[in-house]
Structure formats: C-alpha cells, structure tokens
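Student: I'm new to this one and I keep tripping over the labels people use. Can we go through some of them and check where each comes from?

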Amino acid sequence: MQYITQNRHGYSVDFSPYFADRIACVTGENFGIAGPGTLYIIDAQPQGLLLNKRLEWKSSLFDCCWSEINDNIIVTCSGDGSIQIWNISADNAPVAVMKDHLQEVYCVDWTKRRNAPQHVISASWDKDIKLWDPQKGICLATYSGHENVAYCATWSPHYLAMFASAAGDGTIRFWDCRTPSRCLKIINDGRGEILHCDWNKYNKDVIISCSTDNILRCWDLRNAKIPTITLPGHQYAVKKVKFSPHKENIVASCSYDLTVRLWNIALPNPMLEVIEHHSEFVTGLNFNLHRPGQIVDCAWDEHVKVYSPMSLQM
Amino acid sequence: MYLRLSEYPSRGQTTGMDGHFHPRQQINDPLTFAVSILSTKLDSTEKLIMAMRDLAEGECGGANPLMKMTSHFMQDKSMRQEGLIRPGVVHPAELERQFLHASEHELVNEYLRQDPRLHRPPETFRMEGLLKEMKEIEHSHQMRAPITAPGVSDIVATEWANDFVANTPFMHEQELEEQYRAIQNSATGDHPPTQWADEYLQDTEHAIWAAEYVEANSKNELKDTAAALSEISNDPKFADSKFFDFVKKLSTGELTIKDDQVVDGAAEQWEKEFTAEQQGAEVMNEEQWVNQFDEETLRSKSKDNEVWDNLQKEWESYDRDNHPEHPWLSEYEDTYNKEYDFKEDNPFENHPDPFNEGLQMLKEGNLSMALLLFEADVKKNPEHVEAWQYLGTTHAENEQENQAVSALRRCLQLEPGRLPALQALSVSYTNESLQLQACRTLKSWLYNNPKYHHLVRDSTQLSDDGMVTSSLMTREQFREIESVFLEAARLSPENVDVDVQSCLGVLYNLSGDYEKAADCFRVAVDSKPDDPELWNKLGATLANSNKSEEAILAYHTALSLSPGYVRARYNLGISCINLKAYREAIEHFLIALNMQRNDYGSTTMSDNIWSTLRMALSYNGKSDLFQAVDERDLATLNKEFDVSV
C-alpha cells in the first residue's frame, strides 16, 4: 500500500498508538531545503492508503510523534526552529507553537509512558536538546553538551525520566531530564556522525545507533566501551533505526542507499531482508504497534509505503 | 609488562568479520574507494541541506549568518576528519600534526595516498576523549596563530572540503589569506589583524561587510559543494534520482534559493507571484501564535522556578519501584587517578609471609591467589615497593588494567626510578590509549636506566604527573623518544638489550607502526625465547596489524610457557573471534574466567572478558545464554560448552 505526497519529500513517519491504521507523515518541499512543510494524516483502508487530513506549516517539517495520552494530538518540529502541537480533530493550525531552539529542529519525541509527566524532548542543529511542556507550551530545560548538531533524542521506555540523544559529534549521551546540568553517560562511537538511535523495548540497557559510516551498532549501557553487536551491510549512511515493539531482537533500518533492511541481532548472520522499493533516500521508518510485522516508511521519492516484510511473518 | 594491545573484535569486525569489506582491498579497488568517498559525501547531504537551508532562510534563530555558515562548513570539515579520515589515519598524533602543520593540500594528498583502513588503530587506542582533545588542539592552534583572522581558516576549511572531493582548482591557504587580508585592510584601515579580530564581531559595519563577503563567497561554496556531490553521484543506483538532479541544477545555477524558495534562475516574475501566493496561503504564522499564547506563556515564565520545582516533584511522585535506577552510572568516574582498591575480606590478611607465598603462586600460574597474597602484603607493609610492583604486573597479566595502573603508580610514588614498574606502566598506559603518559613513562624508563641515562638530554616532563589535560602524543614527542631509543639500541648491536627492544616495540604500537613493532618483539623473543610476556606482546602486535593467524601462534607459545596467563588466553580468544572461530573463542574466554576464579569468591574476574564472551555468544547464535553471562553464572556456561574446571 502506498500514498504519494505530491511535491513533498518525506522526512519521518509514525504509526498512531491508538489506531492500528493511522499514520502521520511529515514532509518538506524541495527535499526540506527550502519552502513549506506538510503534515499528512493517512489512514490505511482496504482500498489503500487514504488521506485523512493535510496540515500545512510555513517551514519544512522534519519529525513527528503522536501523543501517548490523546489520540488526536501530534507533535512536529520544523526547519524554522519551532515545535508544533497539532490537534487533528480541530483546526488546520497547530494548537501550540513552541520556539526556543536557535536552529532547525530535527527530532521530537513524546514521552513513551502514560504514567509519567507528558513531556516532549527535541534535538536541534543548535546542538541542544530541550524539554518541553506541551500543555503549557513552554520550554522547561535545555541539555547542552553535544559538540556538533544533534540529530536525535529519544525517551527511555524503561528508565524514569531518562532519555538518550545522538549527534554529529559521534556520541550518544544519556540524560536524566531532572538534571540538565549533567549528562549521565556518554557513548563515544567516534566513527562517523550518529544520525539516529533507538532503545530496545525488552532490554532496558540496550540501545542501537546508526551512523554515517553505514553501520548499525548495538550498545549495552552497563559496558558501553565497545558495541555488543555491529551490523554492517548498508552501502551508505543509515538514516533511521528502530527496534521492533514486538520482538526483542528485530531491528529495522533505512538508509541513503535507498534500502530498508531488517535484522535479527541474535543471529550469526543478522541481516534478514533487504527491501528496495524507493527511488530516493529512505528517510523515515516505523513499526506498527498493533499489527506485528507491519512497517511504514517514507522517502524523498514522495512515497509513503505500508507493508509486511516476508522476514517478519512468522 | 603484558601488552594486551588488542584488537577488540568490535573494531575488527566492522571490516573483517562479515566479508563485505576487505580493508586491504580498498586501496586497490577504485570503485570501492569511490564509494567510500561517496558515502562520506552522502552524509554530508545532511550538511548540504544545512548549508542550503541556511542560505534560504537567512535568519532562523538570530545567529550571525556568517558564523552559521562557517560553522556548518567547519562541521563539514571536522566531520570528514571524524567520519572518514579518523577511522583510518586516525592516529591521534597524526591528527594533531594535521591540525598543526599540514597544509590542506597535504591533507588531501595524504588521504588519497593512504588507505584509511590499512593502519586501523587497535581498540586499545580508544577514541574516547579524542574529540575533546581535538577541540583543545584547535583552540591551542588559534592561540598560537593569532594573526589569522577569524573566518580565514574557516574559509580555507571549506575550500579544502570542496577540493577534497571535487578537485576543483585549489587555492592555497596563503593566497587565500593574502586575498582576505587585502580586503580586510581596505575595510578596517590600519588596524593590526589581531585587533581586527577583536572588533570583528562588535563592529557592526565590519560585521556586515564580513557577512556580505562571506555570503558572496559561500554562495559559490554552496555551488561547489553541490557540484561535488552531483559529480560523484555516478552510482547507477542514483541514476534517476530527482534529488541529485535538483542538486545538479543548484550547482549549475539553473535553480537558486532565494527567500526560502527555490527559484528558477530566470524566473523573477514567477518568484514574485509565488511569494504573493504564499502570503495568501492559509499558513498560520508564528506571530499570531505568539500573541495567542502570550498570556499563558508569560504567566508560566514568571513562575519559571516554580515550574521547575513542580517538574521535579512531578517526576518524583512516580513510583520509583517500577523504574530502575541506572546501575551503570557507577562506572562514571575517574578510573586512573584513584587509589588502589583493595578487595574486601582477604582470606590471607593474617598470612605470615604473603609476599613470598604470592611469588610462589605466581610461579604456579595461579594469578588470582597471587593477587590476594600481594594485596595482603601491601596492606601490611604499605611501603613495600616490590610487592606493589608485583601486584601491578599481576593485575595486568590478569587483564585488569585499571587496578594495574593504580598499583604501579603507587609503586613509582615510593620509588620513582623503578625500571620494571616503569616498563609495565608504559604498557598499561598504551593499552588504555593514554599515549602521552605512556610516552613519558618510556622516557623515564630510559632516564632511570644507568646504561642509557646519558642519552636523555631533555629530562623535563619525565614525571608521571597523572592525568595531564591531553593524552595525545605529538609527532615531535614521538620522534624525539624514538630517536633516543634507537640510539640506545645501537649502543650494543651484538648484545641485544631485550628491554630496549620491548620498549621500542611498545613505542611503535603507540604510533601505529605495527610492522616495526613486530620486528622489535621478534628480535626480543629471539634473544629471550622463554619469556611468555614477550610472546604475548608479539601476538598482540601481529593481531593489531590484522595478522590473526600469526598472532595465534605467538599466543600459543606464550600459553605453553605460562598456562595461567589470562591475558594471553583472552587475546587468543579475541583472535579466534576475528577468524570467526566463535566456539573456540568462547572456550578460551571460559577457561580464562575459570582461572580468574579462586576459592575465595569470584572477585578477580574481569568485566572485559565477560563482555567479550557475551559478544562471542551472540555471534555464535547463543543469545539464550546472555542471562547466564549477565548473572556471571560460570557453572551453566561451563556445562554448555563442556569446559572442565
């Protein structure tokens, strides 16, 4: 199943945690280099992917994340350095815009717990990570330390108040959001820029990162001097990496080499499948939380695709 | 004295393990080489987007566009060094040399000449902290060269970045600098450059001028970067790529970016229409937002502290029991400067002569018992230099570097010129990638050796003053100490001094000259074939230069001489991993762990071995045994792999 984001180049996709068939996709015109951005809400129907809603922002949108507590709320971030909160059941304008970053905001993440303060973190090219209260529309804290642009910030699904950030300085940093002054731990990979990282959903100490040196690396926080597993195979920089929400060892990654790859990190030959169905860089990727084995991805070829790879059907 | 100098598989495997990538083929294979460059360039699409967005938007957040632009390109430069050159040439000393002395041209040539993966540094030269040090170096570079006006080096860097891949006509640093200065003089009158630098950001007029200058410049840079990118987009994969097409148009000027719009080079009219249309569009702009939310935001902001307090409370209120604390945080501490950490409940505390008993245990190859005995001894006699020394060397032999460093440092505090301790400490520092410290310790060894004392002319900086700010060894420092050691070796050409050869071998490991290092150790084992430590060092050095098969032979010799040599066993296991013999690797690690265990608890087992074992298990598809590893359940693992205790 596919949907075409006419004249808009995809940057990120996310499945709704509430509706098995609802997808949000953020895009920008001109490959995100200049011009406006669009948030698409797309529903998977028997006849294909159908547009539910289209929301416009003046600047390219780089990332999106659904709220955990309200099925209509979604947060996005954009090239003008701002963060938008949208209520898709209401107007065509965001219900809140928060601005504190000095440069493009590349990643946002809504806390993954329902039983925790509902906060959002963001990573920006201004090298900082920020913590936001989306209800009040204010920035609560800033986490500085990365020595190059920050590409990713993601809440731990296990540790309270903790999140990880990945950046162009080749490090992953771990923070307790209550102590902005001090980074808890640094993994220094140093073999390229780390473009994305994701926590394992079953093992609280495992995180996976992907880098411009084309390689995925799995880290165990208890002994993070060396990666526990490295996954070579992509031919160019790897843009996103995600752990499966359903199987501990399953990982999906997408890359500048136009492919999406699926991995089982527990196997001696971990690469399960190479999916090459895009004609431009694949930029966004996510697992469906409700339908095990289903994936959505988006690319600069204006296609959003939902599919169930062979290797995940067991 | 037990050079690990090893080859954690993590580094090896990225190239050697899966067969996709054969490091040595790279330099001979232009296609692979081109691809490797392209991949670097591709990660700079990220940068390209940044640069282009910047031009498009002008002000996103108030930073001076000049600074933003140059910072992007600075990142671009440092990124290459991190992302491309670093994994290969990466020798820290080399890096520093590049920063301090190399012209950009040299850099490019150097890169092209050298296969980045040929001299892959071993994991022992960990890159932790290198980034910080690079910053410091950059900083010190600026301090040393105040004449360079800000911006010049940045532009040079950009120039270099472009040149690097595109081979566009190269402008020499000097020329560029002159050109820059000429303009600068005309703009600033007679101010000396340094002063100009100070004024540079404050003086609006200059800032505007500078911004204009660089902007004009950077538009070309953008074009160049885009040209570079499109030129190398020859991978058939991207033949139909609209993105590369887009980039190509930007590079030819067919498209340009103006006021956050991509415009046709000739379509001014269209642009205007488009802008008008945009204004009419239903895009809610930020100002409206700000107004709408002003009230609440203001209210909240005035209570910033209160908000923060509430935040803390809010988080605290969540059930702690369901949220584990971070157990690995304790790892986060200064491991090198700390006092020696004694094990609790030492069963030998009341032993009448723990030192000699320890030596006996050492002879029998029971390292963990020896450790407890030596500890008991130094606890009783804190001034017992020799016991501290043996404690340190035994820890190293037992693959426990931090403890080894603490003990050896204590030993040297008591007797600064103690040669065996200096030699051992230099190896431990090398393993922990503390180059500068290792280098100084080696020099101190020579200085304190009566045979070679006269060779050391410059006796400053001999003391091991703990953690100096940097652990990088400069090329000069290396050359200096290398020449002194070579001189020492030449003093008695017939009568080989094994220690000098061994130190020289360590030194070449520091500098990444593994061939030379291996030669030194070969000479050493020829003269002293019954020394297991020398065989282990030879093995580790061979492994570092990707000769795992030869390394295994050397490790086996070491183990036949000293079956209880845990470090050699561990190294052997790692070489097995590199040769994909996972099952054998696992067995070696288990044997090592069993040796480390003693009858008085398992406190001398080393985490290094456990974590490498875990990795080997995962390669072997035995992740079901992870739990046993995490619980340090040796019995289960022994049973699984038929390792008899």
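Tutor: Sure, and keep in mind that this is a predicted model. Let's start with one aromatic cluster, formed by A:Y11, A:F31, A:F62, A:Y106, A:W125, A:Y151, A:Y256, A:F281, A:W300 and B:F243.

Student: How many aromatic pairs are there over all chains?

Tutor: The count comes to 30. One of them is A:F163 with A:W175.

Student: What makes the pair of A:F163 and A:W175 stacked?

Tutor: Two values decide that. The ring centres are 6.4 Å apart, and the cut-off for pairing is within 6.5 Å. The planes make an angle of 20°, and stacked means under 30 degrees. Both values pass, so A:F163 and A:W175 are a stacked pair.

Student: What does the pair of A:F163 and A:W175 tie together?

Tutor: A:F163 is in strand 15 (residues 162–167) of chain A and A:W175 is in strand 16 (residues 171–176) of chain A, so the pair links parts that are 12 residues apart in sequence.

Student: Are A:F163 and A:W175 buried or exposed?

Tutor: The cut-off for buried is under 20% relative accessible area. A:F163 has 0%, so it counts as buried. A:W175 has 1%, so it is buried as well.

Student: Why is the pair of B:Y340 and B:W388 called edge-to-face?

Tutor: Their centres are 5.6 Å apart and their planes are at 80°. Edge-to-face needs an angle over 60, so that is the label the pair gets. B:Y340 sits in the loop between helix 14 (304–316) and helix 15 (354–364) of chain B, while B:W388 belongs to helix 17 (residues 385–397) of chain B, so this pair ties together parts 48 residues apart in sequence. Under the 20% cut-off, B:Y340 at 9% counts as buried, and so does B:W388 at 4%.

Student: How do you know that A:R22 lies over the face of A:F19?

Tutor: The distance from the ring centre is 4.8 Å, and the limit is within 6 Å, together with a limit of 35 degrees from the ring normal. In chain B, B:R614 lies over the face of B:F626, at 4.1 Å from the ring centre.

Student: Back to strand 16. What makes strand 16 and strand 17 of chain A a pair?

Tutor: Pairing takes at least two bridges, and 5 bridges join strand 16 to strand 17 of chain A, so they pair. The two strands run antiparallel. They form a hairpin with 6 residues between them. For one of the bridges, look at A:T171, whose partner in strand 17 of chain A is A:N188.

Student: Why is strand 17 of chain A described as largely enclosed?

Tutor: Because 5 of the 6 residues of strand 17 (residues 183–188) of chain A are buried.

Student: Where does the "repeat: WD" label in chain A come from?

Tutor: It comes from the UniProt annotation of an unreviewed entry, and the spans are residues 70–96, 98–142, 143–176 and 231–265 of chain A. In the model, residues 143–176 of chain A are 0% helix and 56% strand, with end C-alpha atoms 10 Å apart. For residues 231–265 of chain A the figures are 0% helix, 51% strand and 8 Å between the end C-alpha atoms.

Student: And chain B: how many helices and strands does it have?

Tutor: Chain B comes to 30 helices and 2 strands. Of its 645 residues, 54% count as buried.

Student: How do you know that the span of helix 28 of chain B agrees with what is expected?

Tutor: Helix 28 (residues 607–619) of chain B has 13 residues, which at 1.5 Å a residue should span 18 Å; the end C-alpha atoms are 19 Å apart, so the two agree. This helix is also largely enclosed, because 11 of its 13 residues are buried. Among them are B:W610 and B:R614. After helix 28 of chain B comes B:G621, with a positive phi near 70°.

Student: What makes the phi of A:N7 worth a look?

Tutor: Most residues other than glycine have a negative phi. A:N7 is not a glycine, yet its phi is positive, about 60°. A:N7 is found in the loop between strand 1 (2–4) and strand 2 (9–15) of chain A.

Student: Why is A:N7 called partly exposed?

Tutor: Its relative accessible area is 47%, and partly exposed lies between 20% and 50%, so the label fits A:N7.

Note on methods. Residues are numbered from 1 along each chain as its sequence is written. Chains are lettered from A and ligands numbered from 1 in the order in which they are written. This is a predicted model: local features need pLDDT of at least 70, side-chain atom pairs count only at pLDDT 80 or more; totals for chains, interfaces and linings use all residues. Side-chain values use heavy atoms; hydrogens and water are left out. Helices (H or I, at least four residues) and strands (E, at least two) are DSSP runs, numbered from the N terminus. Buried means under 20% relative accessible area, exposed over 50%, partly exposed in between (1.4 Å probe, protein chains only). UniProt positions are given in the numbering used here, feature names are shortened, and annotations may be inferred rather than shown by experiment. Rings of Phe, Tyr and Trp (its six-membered ring) pair if their centres lie within 6.5 Å; planes under 30 degrees apart count as stacked, over 60 as edge-to-face and the rest as tilted. The expected span of a helix is 1.5 Å times one less than its number of residues.
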